[in-house]
Amino acid sequence: MTNIKLGTFAFAPGDVQTGVLVGEDKVVKLAEAYAAYAAEKKPALANLPTDMVEMMKLGKAGADAARALVEWIPADSDLLYDLKEEMILNPINPTKSIWIGRTFATHVKVGKLPDPECPHIFLKPSTSFCKPGEDVVIPNIDGKPYDKVTYGCELTAVIGSTAKYCTPENIMDHVAGWTISNDVTCRGVLYPKNKMFDKFAPFGPYIIPADQIEDPNAVELKFKVDGEWKQEGNTGVNTYWTMQTILANLTHHMTLNPGDVVALGDIGAPETIVAGQTMEAIIPQIGVLKNKTVNEKVETGICPGGAMGQ
């Protein structure tokens, strides 16, 4: 099986669409290149979409079609574009951005929190979304940059088909792909609004098809700040539940729709970050999600209760 990485790219101003990597430094427009492939090979799947949500709806059929395209395309094809960092956008525009807290005992114990009875669920708004390579903004609280901002690498499921009342045994039928998220948080600010600041939800840079991770409970989670290792863990160690159990539990609270993303928790024990640092959330099968940090430029007023109700 050929491993592929899907993304959403700005090929030119006003030309944003789904693409697939070819090698390390080339990318093709998925719909355009597949049309050329289909004209020659006459595959069962006639075309591929320009939008990632629609691509996720195709599930394994879409992933296999993209793999066939990557295997077919000539190295000198004029359909290949040079990959540039500024082209890379969030790989999908999520219909819902769902995050799980207290997945790992390491995280709970460091925070001196009680053991959870079930997965903790919170949402991040679209204003929190942060592109790969874009600056994470450390907010001003009570008139100064907040000094307890932390991070966390999270395996993130991308939903491909509607899921409701699922079990751990069948939930993976609804997962179309995986990406990386970084759970930026203002520690000490009232939960869950400490998670919801602008640019507090970096994710990407790519989505890999679900079948490229054989076991979601054996995935490495790593994090670097300014090139120094800060987190190294695994989704199968010190967890309260399997990744499948977490996802299935969600479907008994809400319907998961195609295009939803679910960040499944980080191992905890992060240090604080300050402006000018570079964060790298790393999952080897997917890639590296890199973002720098800056201070908020506009001073905010003093909030009642101090630190926004901490």
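## Briefing: a pocket, a helix and a buried threonine

The largest pocket has a volume of about 430 Å³. Keep in mind as you explore that this is a predicted model. Besides the pocket, two other places are covered here: helix α1, which spans residues 30–41, and Thr-185, a residue of strand β14.

**The largest pocket**
- In total, 17 residues line the largest pocket, and those nearest its centre are His-107, Leu-113, Arg-187, Asn-194 and Lys-195.
- Its lining comprises 7 nonpolar, 7 polar and 3 charged residues.

**Helix α1**
- With 12 residues at 1.5 Å each, α1 should span 16 Å, and this agrees with the 16 Å between its end C-alpha atoms.
- The buried residues of α1 include Leu-30, Ala-31, Ala-33, Tyr-34, Tyr-37 and Ala-38.
- Viewed down the helix axis, the buried residues of α1 fall within an arc of 160°, so they line one face.
- An α-helix has 3.6 residues a turn, so residues three or four places apart point the same way.
- Ala-39 and Glu-40 are exposed on the other side of α1.
- Packing partners for the buried residues of α1 are the strands β1 (6–12), β2 (15–22) and β3 (26–29), along with the helices α2 (52–57) and α3 (59–72).
- Just after α1 comes Lys-42, which has a positive phi near 55°.

**Thr-185**
- Thr-185 has a relative accessible area of 0%, so this residue counts as buried.
- Leaving aside residues up to four places away in sequence, Thr-185 touches Lys-148, Val-149, Thr-150, Asn-194, Lys-195 and Phe-200.
- Tyr-151 is 34 residues from Thr-185 in sequence, yet their C-alpha atoms are 6.4 Å apart.

Note on methods
Residues numbered from 1 in each chain as written. Predicted model: local features only at pLDDT ≥ 70, side-chain atom pairs only at ≥ 80, totals over all residues. Heavy atoms only, no water. Helix = DSSP H or I, 4+ residues; strand = E, 2+ residues; numbered from the N terminus. Expected span 1.5 Å × (residues − 1). Buried < 20%, exposed > 50% of the residue type's maximum accessible area, 1.4 Å probe, protein only. Arc of directions from axis to C-beta. Contact = heavy atoms within 4.5 Å. 1 Å grid on protein atoms, 1.4 Å probe; cavity = no way out; pocket = protein on both sides within 12 Å on 5 of 7 lines; lining within 4 Å. Points joined across faces, edges and corners; volume = space filled by probe spheres on them. Nonpolar A, V, L, I, M, F, W, Y, C, P; charged D, E, K, R; others polar.
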